[in-house]
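Good morning, and thank you for making time for this presentation. Please have the sequence and the model open in front of you as I speak.

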Amino acid sequence: MSKVIGTFTLQNEQYVGIIRTLHLNVSVRIVPTKAEEDKAPNYRILVDEYELGAGWSRTSEQGNAYLNVRLDDPSLPAPLNARLVAKKDSNEFLLIWSRS
């Protein structure tokens, strides 16, 4: 079972791509914010001008950068947690969901 629900590329400091689940099939932009507080998100996840979620910059124990993402929408039974990670040997990024 694939846990990849989205693919993205980095364009002009924004991640641009598509999220596909049983409830969503949308073009998405992940745009940087000017986070002024430690716990504030570093990114907003947008479908057109509708905010679908937020992302926080993190670094793995191995030193790899990723975004910790939380998506929420009335069509989803519950908020969805995911990570946006770089695909090895590629310019693509994968959005991988998680129940926790």
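In which strand is Val85 found? Val85 lies in strand S7, which covers residues 80-86. Before I come to its surroundings, let me state that what you are looking at is a predicted model.

I shall begin with the overall architecture. The protein has eight strands and zero helices, so that, read from the N terminus, the order of elements is simply β-β-β-β-β-β-β-β. The radius of gyration is 13 Å, close to the 13 Å that the globule rule gives for 100 residues, and the protein is therefore as compact as a globular protein of that length. Along the principal axes, the C-alpha atoms fill a box of roughly 35 × 35 × 30 Å.

Next, burial and surface. Of the 100 residues, 37% count as buried. The accessible surface comes to about 7000 Å², and carbon and sulfur atoms account for 47% of that area. As for contacts, if we take those between residues at least 6 apart in sequence, 25% of them join residues at least 24 apart.

I return now to Val85. With a relative accessibility of 23%, Val85 counts as partly exposed, because the cut-off for a buried residue is under 20%. Leaving aside residues up to four places away in sequence, Val85 touches Tyr66, Glu92, Phe93, Leu94 and Ile96. A further relation concerns Thr7: this residue and Val85 are 78 residues apart along the chain, while their C-alpha atoms are separated by 9.7 Å.

One of the residues that Val85 touches, Glu92, brings us to the charged side chains. How many salt bridges does a search of the whole structure find? The search finds three.

The first I shall describe is between Lys87 and Glu92, whose side chains meet at 3.4 Å, N to O. Lys87 is partly exposed, with a relative accessible area of 38%, and Glu92 is likewise partly exposed, at 26%. Glu92 thus appears in two roles: as a contact of Val85 and as the salt-bridge partner of Lys87.

A second salt bridge joins the side chains of Arg44 and Glu51, at 3.0 Å, N to O. Arg44 has a relative accessible area of 30% and is partly exposed. Glu51 is partly exposed too, at 38% relative accessibility.

The remaining salt bridge is formed by the side chains of Arg29 and Glu49, at 3.7 Å, N to O. This pair links distant parts of the chain, since Arg29 sits in strand S3 (residues 25-32) and Glu49 in the loop between strand S4 (43-47) and strand S5 (50-59), with the two positions 20 residues apart in sequence. Is each partner buried, partly exposed or exposed? Arg29, at 27% relative accessibility, is partly exposed, whereas Glu49 is exposed, with a relative accessible area of 70%.

To complete the account of charge, the protein carries 12 positive and 12 negative charges, and the mean positions of these two sets are 7 Å apart.

I turn next to the backbone. Most residues other than glycine have a negative phi. Which residue in the loop between strand S1 (4-11) and strand S2 (14-20) should we consider here? Asn12 is placed in that loop, and its phi is near 50°, a positive value in a residue other than glycine. Glu13 is found in the loop between S1 and S2 as well, and Glu13 also has a positive phi, of about 70°, although it is not a glycine. With regard to solvent, Asn12 counts as exposed at 77% relative accessibility, and Glu13 counts as exposed at 63%.

Following the chain onward from this loop, we come to Arg20, which is found in strand S2. Arg20 counts as exposed at 52% relative accessibility, because the cut-off for that class is over 50%. Not counting residues up to four places away in sequence, Arg20 touches Ile5 and Asn25. Arg20 and Ile5 are 15 residues apart in sequence, and their C-alpha atoms lie 5.3 Å apart in space.

Let me close with a brief recapitulation. We have a predicted model with eight strands and zero helices, and with three salt bridges. In the loop between S1 and S2, Asn12 and Glu13 have positive phi values. Thank you for your attention.

Terms used. Residues are numbered from 1 along each chain as its sequence is written. This is a predicted model: local features need pLDDT of at least 70, side-chain atom pairs count only at pLDDT 80 or more; totals for chains, interfaces and linings use all residues. Side-chain values use heavy atoms; hydrogens and water are left out. Helices (H or I, at least four residues) and strands (E, at least two) are DSSP runs, numbered from the N terminus. The radius of gyration is taken over C-alpha atoms; the globule rule is 2.2 Å times the number of residues to the power 0.38. Buried means under 20% relative accessible area, exposed over 50%, partly exposed in between (1.4 Å probe, protein chains only). Contact means heavy atoms within 4.5 Å. Accessible areas come from the Shrake-Rupley method with a 1.4 Å probe; for residues, only the protein chains shown count as cover. Lys and Arg count as positive and Asp and Glu as negative; His and the chain ends are not counted. The place of a charge is taken as NZ of Lys, CZ of Arg, CG of Asp or CD of Glu. A salt bridge is a side-chain nitrogen of Lys or Arg within 4 Å of a carboxyl oxygen of Asp or Glu.
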